[in-house]
Every structure is written in C-alpha cells, then in structure tokens.
Amino acid sequence: MARPKSYDRDDALKRACEVFWSRGFSASGVRRLEDQTGLNQFAIQTEFGGKEGLYFEAIRLYAAAATKHALAPMKVGGIASIATFFRSLVTDKSPTSSRWGCLIVNAGIENAEIGSARIDAECRAYWRTVRQHFAAAIRRSIEAGEVTPDIDATECSKALVIAVMGIHTMNRVEGSNRAGTPLVKVVQRHLQDWSS
C-alpha cells in the first residue's frame with residue numbers, strides 16, 4: 001500500500017514556482033527546493049519527474065495564473081486594457097510586477113542552456129497567448145472607432161510582446177519592479193497616438 005503524501009502538491013508547486021522565479025533553474029538546487037517546498041528528493045522525482053519536471057510544472061502554473069488574471073481584461077477590453085496591463089508591470093503590489101521580472105521570460109532565456117523542448121514549447125505558447133490577447137484588444141478598439149483603422153493589429157501585438165519582455169528583463173536586471181518604467185511610458189504614448 002502506498003504511503004500517504006506528507007505534502008500538499010499545489011502548495012509545494014506554488015513554493016517551487018517562487019524559488020525558480022527568484023533564483024532561476026540552475027541556481028535552484030534540489031536541497032533548496034526541498035527546504036522551500038516541503039518535498040523531498042524522492043517526491044520531486046516521482047511526483048514531478050525530477051527537478052526539470054518540477055520546473056516545467058512551475059512554468060505552467062505561472063502561465064495559467066497570468067493568463068487567467070493579468071490577461072483576462074483584454075478578452076473584453078480595448079486599448080485601455082492594454083495600457084492598464086503595461087502600467088501593472090511596474091506598479092507596487094501588482095501581481096504582475098516583480099523585481100524578479102517574469103518567470104516565462106527568465107525561463108526562455110535560461111532554456112538556451114537547458115535545451116528542454118517542452119519548456120521551449122510552453123514559453124512559446126504563453127507568448128502566443130499574450131500576443132493574441134493584445135491583437136484582440138486592438139481589433140476591438142478599431143471596430144469601436146477608438147483606434148485608427150490603419151493600425152496593423154498583428155504587427156503591433158508582436159511589438160507589444162517584445163516590450164513586455166524588455167520591461168520584465170529590466171526589472172530583473174535592476175532588481176526593482178519599477179526599472180522598466182521608461183519603456184512603459186513609451187508604450188503608453190504609442191497607444192495614445194493610435195487613437196483616432
């Protein structure tokens with residue numbers, strides 16, 4: 001008969017997400033993960049398929065939470081919802097603002113060394129989702145006459161994704177959730193310029 005688990009899987013995964021987000025994959029040793037999550041090495045291996053499997057699950061958790069909460073207003077909103085999203089990236093106490101940057105940005109960069117196909121696929125899927133949310137919000141504003149119709153929603157949404165990556169990277173590099181503020185201001189000016 002299997003022994004009962006001595007840990008809560010969801011709670012352990014949330015804690016692992018924080019460890020990886022703050023330290024990265026390479027700097028998060030198994031011992032630290034054990035200390036911070038309540039998992040032991042056996043559980044990390046059997047429950048998640050090892051450290052990389054735990055990392056992958058943490059990335060999926062982060063991406064799902066960001067999609068559900070941070071991106072949700074752009075499902076129904078227009079340009080204003082995009083401006084609000086960008087402002088939230090550098091606002092104190094905002095769930096999308098962190099001195100650690102963004103776990104997905106960090107994972108994408110670090111995966112150049114790890115070389116995991118599934119981590120790469122998960123990161124790409126997340127950015128595709130972000131791009132789709134931006135494009136839908138832009139198109140909604142065009143249809144409502146709030147934005148000039150000559151705006152290319154597809155190209156602009158790609159540029160906005162790159163801006164998000166840059167803001168998070170700057171926050172991480174500087175260790176401040178406000179470091180990306182200059183780029184946020186530039187993006188907001190461009191969004192205002194699109195108004196018809």
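This report walks through the fold, a helix pair, the salt bridges, the cysteines and a few single residues of the structure above.

**Overall picture**

Please keep in mind that this is a predicted model. The protein chain has 9 helices and 0 strands, and reading along the sequence gives the pattern α-α-α-α-α-α-α-α-α. Its C-alpha trace spans about 65 × 35 × 30 Å along the principal axes. The protein chain has 196 residues, and 46% of them count as buried. If you take the contacts between residues at least 6 apart in sequence, 71% of them join residues at least 24 apart.

**How helix 4 meets helix 6**

A good place to begin looking is the packing of helix 4 against helix 6, the latter covering residues 103–114. The axes of helix 4 and helix 6 are 10 Å apart, and the angle between them is about 150°. Because angles over 145 degrees count as roughly antiparallel, helix 4 is described as roughly antiparallel to helix 6. The crossing of the two helices is left-handed.

Which residues make the contact between helix 4 and helix 6? From helix 4 come Glu-52, Tyr-55, Ala-58, Ile-59, Tyr-62 and Ala-63. From helix 6 come Leu-103, Ile-104, Ala-107, Glu-110 and Ile-114. If you want to view this pairing on screen, those are the side chains to display.

**Salt bridges**

The structure holds 7 salt bridges. Among them are the pairs in this table, each with its N to O distance.

| Basic residue | Acidic residue | N to O distance |
|---|---|---|
| Arg-9 | Glu-47 | 2.6 Å |
| Arg-15 | Asp-11 | 2.9 Å |
| Arg-60 | Glu-122 | 3.9 Å |

Let us take these pairs in turn. The side chains of Arg-9 and Glu-47 meet in a salt bridge. This pair links distant parts of the chain, with Arg-9 in helix 1 (residues 9–23) and Glu-47 in helix 3 (residues 41–48), 38 residues apart. Arg-9 has 27% relative accessibility and counts as partly exposed. Glu-47 is also partly exposed, at 22%.

The bridge between Asp-11 and Arg-15 sits within one helix: both residues lie in helix 1, 4 residues apart, about one turn of the helix. Asp-11 is partly exposed, with a relative accessible area of 33%. Arg-15 is partly exposed as well, with 42%.

The side chains of Arg-60 and Glu-122 form another salt bridge. Arg-60 lies in helix 4 (residues 51–70) and Glu-122 in helix 7 (residues 117–143), so this bridge ties together parts that are 62 residues apart in sequence. Are the two partners buried or exposed, or in between? Arg-60 is partly exposed, with a relative accessible area of 41%. Glu-122, at 18% relative accessibility, counts as buried, because the limit for buried is under 20%.

**Cysteines**

The structure holds 0 disulfides. Cys-102 is in no disulfide, and the nearest cysteine sulfur, that of Cys-123, is 8.5 Å away. A disulfide would need the two sulfur atoms within 2.5 Å, so Cys-102 and Cys-123, at 8.5 Å, do not qualify. How accessible is Cys-102? Cys-102 has 2% relative accessibility and counts as buried. Cys-156 counts as buried too, at 16% relative accessibility.

**Single residues to look at**

Lys-93 is worth a glance if you check backbone torsions. Its phi is near 65°, a positive value in a residue other than glycine. Where is Lys-93 placed? Lys-93 is found in the loop between helix 5 (79–88) and helix 6. With a relative accessible area of 86%, Lys-93 is exposed.

Asp-120 has its place in helix 7, the helix that also holds Glu-122. Asp-120 is partly exposed, at 32% relative accessibility. Asp-120 and Ser-157 are 37 residues apart along the chain, and their C-alpha atoms are separated by 20 Å.

Note on methods
Residues numbered from 1 in each chain as written. Predicted model: local features only at pLDDT ≥ 70, side-chain atom pairs only at ≥ 80, totals over all residues. Heavy atoms only, no water. Buried < 20%, exposed > 50% of the residue type's maximum accessible area, 1.4 Å probe, protein only. Salt bridge = Lys/Arg side-chain N within 4 Å of Asp/Glu carboxyl O. Axes fitted to C-alpha atoms, helices over the stretch in contact; angles between N-to-C directions. Parallel < 35°, antiparallel > 145°, perpendicular 65-115°, else oblique. Left-handed = near helix turned anticlockwise from the far one by under 90°. Contact = heavy atoms within 4.5 Å.
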